[in-house]
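Reader: I am new to reading protein models. Could we walk through this one by question and answer?

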Amino acid sequence: MNTVERWKQEKHPLDVIEDVYAYAEGSLSFDEIEARAGDGEWERLKWAGLYSHGRQDGYFMMRTKVPGGRLTPEQAEVIGEVADEYATAPPEYGGEKQNPVWGDAFLDITTRQDVQMHWIEIGDVPEIWERYDGVGLTTIQGCGDSARNVLGCPAAGLTDHECFDAQPVVDAVSEFFTENREYANLPRKFKMTVTGCREDCAQSQINDVGLTPARKTVDADASGGSSDESDGGEDVYGFHVRVGGGLSDGPRMASPLDVFVPPADAVEFCRAVAQTFKELGDRHNRGVCRMRYLVEQMGPEAFEAAVRDRCSVDLPSRGTDLTVGYTGDHVGVHEQKREGLRYVGFNVIAGRMGGDEFAAAARAAKEYGTDDATVRLATDQNFLITHLPEGDVNDLLAEPFAADYRPDPGPFSRGAVGCTGSEFCNYGIIETKNRVRRWAKELDERVETPDDLEVVRMHMSGCSASCAQPQIADIGFRGETVNVSDDPDSTDAEGDNIVEGMDFGLGGSLGADNEFLDWVETAVPAGSVVPALEELFAAFSEERREGERFYEWCRRRDNGDLREVMQRAEANVAGGVAADD
């Protein structure tokens, strides 16, 4: 077995939660923690929602789970206040000026509807947990080889786009797996999404398990109600299922199974999938331990049979699929089903904002919203405030926090997604957050896009791990160090001309026309990217067909042609090579 599996056998990962209290009480340093518990403790601490910083000894990233992205204003306010009070950099790392854009005391909204904070010290964790307990929040299993945060539609219960509100199912699935020792030690992370929305904004195609809305005619016993004698059954809502999706180095679109899952059976079905993964998944090679490899190896039909064998309820065959497409964001002012109410989707470029700003947004939700108001996190790293009387929307938008997170951004800002990057992440090769923000604003100013093109999805990952989901974007980047022979600037101690750069991909999307992007050019120096994009969009504007999206145009152009367009830029687009590690 691999090293991580050995560490998990030495001590059950959930046992680390009690150890955190002891480490905090003793004010243990990182060296003292490792001396006491061994080097496997850094892996086990992930089950507490804690990642040790890659470059700042003594500090953690803390991940807060938000099932379906739904927060009460009280929960959102506590999250913002915790970030403002505890996610603070020490003077030796710059203090309040740690980041040139955000300073410190900020939080990151993630592509899994989580919240991440940096600069967390072990001594502060118990107090943070106590405050979280008071409002029903947790960091437990925010990370590690177990069920991660369960995704859902951020507009669940609000719009006519959904067949039914699946948030109760999201909550039930999350509650079942959280702190469940039986399923807290899986071969690798286990990602689920549950939605009743026709537009699949919860991204079922790239998750281990994706439950999407469906309808089926069932007999009276199966539906729990009376049947119509004329047709012998009753139409009921439930879920169709996809399994085995994911990104990173081995991207795979999820495969449909021939099952219909009633909402009441959703928890048991997800348990049966987890049981299958637990028993049959690879625990040897961490590179191929994700569930998508198991589905690929077995085939969807055999995997389905294995799930049925382990499921305690009978699973009917598929009914009528009700998914019609994919909605990538909820930015803007939108009508709710209830007359006179609106929700507002705020644009947070790369997902980062001040803790004080997030707390202010939560207080504004309480002030301007009804008693049902919520703050919701979306997979595009933005957030929503819901249940706003129409007459109060302008007052909300006049609040100071809203100035930088307007619901009417330019297309590049609207679609900009960035991972943590080298600023804090052990795996990050390049800086991402500041760069994504800077480039999005610059491109909105410099590039003229068609009036009906509301969004250009530009996703940047600092490495190949795909936390920013570059493979499903119009434009995707993954970080590289690049050797540029004619660049006088060098970041290499040996004198080589090494600069930050990235692989450059085009043409990804989810939905009915889902495809992963093609990596059109590799090892592009970062300084050459914006000029290359300017050339691409000039060509796109000239050749665009009516209503055509940028990714659609990229797909009908040969990759060689796209490279030629990029190389028209007065920049060294193709002159770099990936530097050796």
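Reader: Leaving aside its neighbours within four places in sequence, which residues is Lys189 in contact with?
Author: Keep in mind that this is a predicted model. Lys189 sits in the loop between helix 7 (167–177) and strand 6 (192–194). Setting aside neighbours within four places in sequence, its contacts are Gly144, Asp145, Ser146, Arg148, Asp208, Phe277 and Arg290.

Reader: Is Lys189 buried or exposed?
Author: Buried means under 20% relative accessible area. Lys189 has 18%. Therefore Lys189 counts as buried.

Reader: What separates the C-alpha atoms of Lys189 and Ile17?
Author: Along the chain, Lys189 and Ile17 are 172 residues apart. In space, their C-alpha atoms are separated by 18 Å.

Reader: Now the sheet. In what order do the 5 strands of the open sheet come?
Author: Strands of a sheet pair through backbone hydrogen bonds, either parallel or antiparallel. Here the pairing is antiparallel. The edges are strand 3 (70–71) and strand 11 (332–335), and each pairs on one side only. The sheet is open, and its order is 3-14-15-12-11.

Reader: How many bridges join strand 12 and strand 15?
Author: Strand 12 covers residues 341–346 and pairs with strand 15 in the antiparallel sense. One bridge sets Leu341 against Pro389 of strand 15. The pairing runs over 5 bridges.

Reader: In strand 15, which residue is the bridge partner of Leu377?
Author: Strand 14 (residues 375–377) also pairs with strand 15 in the antiparallel sense, over 3 bridges. Arg376 stands opposite Leu384 in strand 15. For Leu377, the bridge partner in strand 15 is Phe383.

Reader: How many residues of strand 15 are buried?
Author: Strand 15 spans residues 383–389 and is mostly covered. Helix 12 (residues 355–368) lies across strand 3, strand 14 and strand 15. In strand 15, the buried count is 6 of its 7 residues.

Reader: At what angle does helix 12 run to strand 15?
Author: Helix 12 lies across strand 15, as well as across strand 3 and strand 14. The angle to strand 15 is about 20 degrees.

Reader: In the hairpin of strand 14 and strand 15, which residue takes a positive phi?
Author: The hairpin has 5 residues between the strands. One of them has phi near 75 degrees, although that residue is not a glycine. Its relative accessible area is 3%, so it is buried. The residue is Gln381.

Reader: What is the phi of Trp119?
Author: Trp119 is found in strand 5 (residues 115–120). At 1% relative accessibility, Trp119 is buried. Its phi is positive, in a residue other than glycine. The value is near 65 degrees.

Reader: Where is Gln336, and which residues does Gln336 touch?
Author: Gln336 lies in the loop between strand 11 and strand 12. Gln336 counts as buried because its relative accessibility is 10%, and buried means under 20%. Not counting residues up to four places away in sequence, Gln336 touches Leu158, Leu341, Arg342, Tyr343, Thr386, His387 and Leu388.

Reader: What is the relative accessibility of Leu536?
Author: Leu536 is found in helix 16 (residues 529–543). Beyond four places in sequence, Leu536 touches Phe504, Leu506, Phe550, Trp553, Leu562, Val565 and Met566. Leu536 counts as buried, at 0%.

Reader: How far apart in space are Leu536 and Arg563, C-alpha to C-alpha?
Author: In sequence, Leu536 and Arg563 are 27 residues apart. C-alpha to C-alpha, the distance is 9.2 Å.

Reader: Is Cys289 buried or exposed?
Author: Cys289 lies in the loop between helix 9 (266–280) and helix 10 (291–298). Beyond four places in sequence, Cys289 touches residues including Asn2, Pro187 and Phe277. Its relative accessible area is 1%, so Cys289 is buried.

Reader: How much space lies in the largest cavity?
Author: Rolling a probe the size of a water molecule over the atoms shows where empty space is left. A search of the whole structure finds 4 cavities of 30 Å³ or more. The space in the largest cavity is about 90 Å³.

Reader: How do the residues lining the largest cavity divide?
Author: Among the lining residues are Gln203, Tyr326, Thr379, Asp380, Arg457 and Leu510. The lining divides into 4 nonpolar, 6 polar and 2 charged.

Definitions and conventions
Residues numbered from 1 in each chain as written. Predicted model: local features only at pLDDT ≥ 70, side-chain atom pairs only at ≥ 80, totals over all residues. Heavy atoms only, no water. Buried < 20%, exposed > 50% of the residue type's maximum accessible area, 1.4 Å probe, protein only. Helix = DSSP H or I, 4+ residues; strand = E, 2+ residues; numbered from the N terminus. Pairing = 2+ DSSP bridges. 1 Å grid on protein atoms, 1.4 Å probe; cavity = no way out; pocket = protein on both sides within 12 Å on 5 of 7 lines; lining within 4 Å. Points joined across faces, edges and corners; volume = space filled by probe spheres on them. Nonpolar A, V, L, I, M, F, W, Y, C, P; charged D, E, K, R; others polar. Contact = heavy atoms within 4.5 Å. Axes fitted to C-alpha atoms, helices over the stretch in contact; angles between N-to-C directions.
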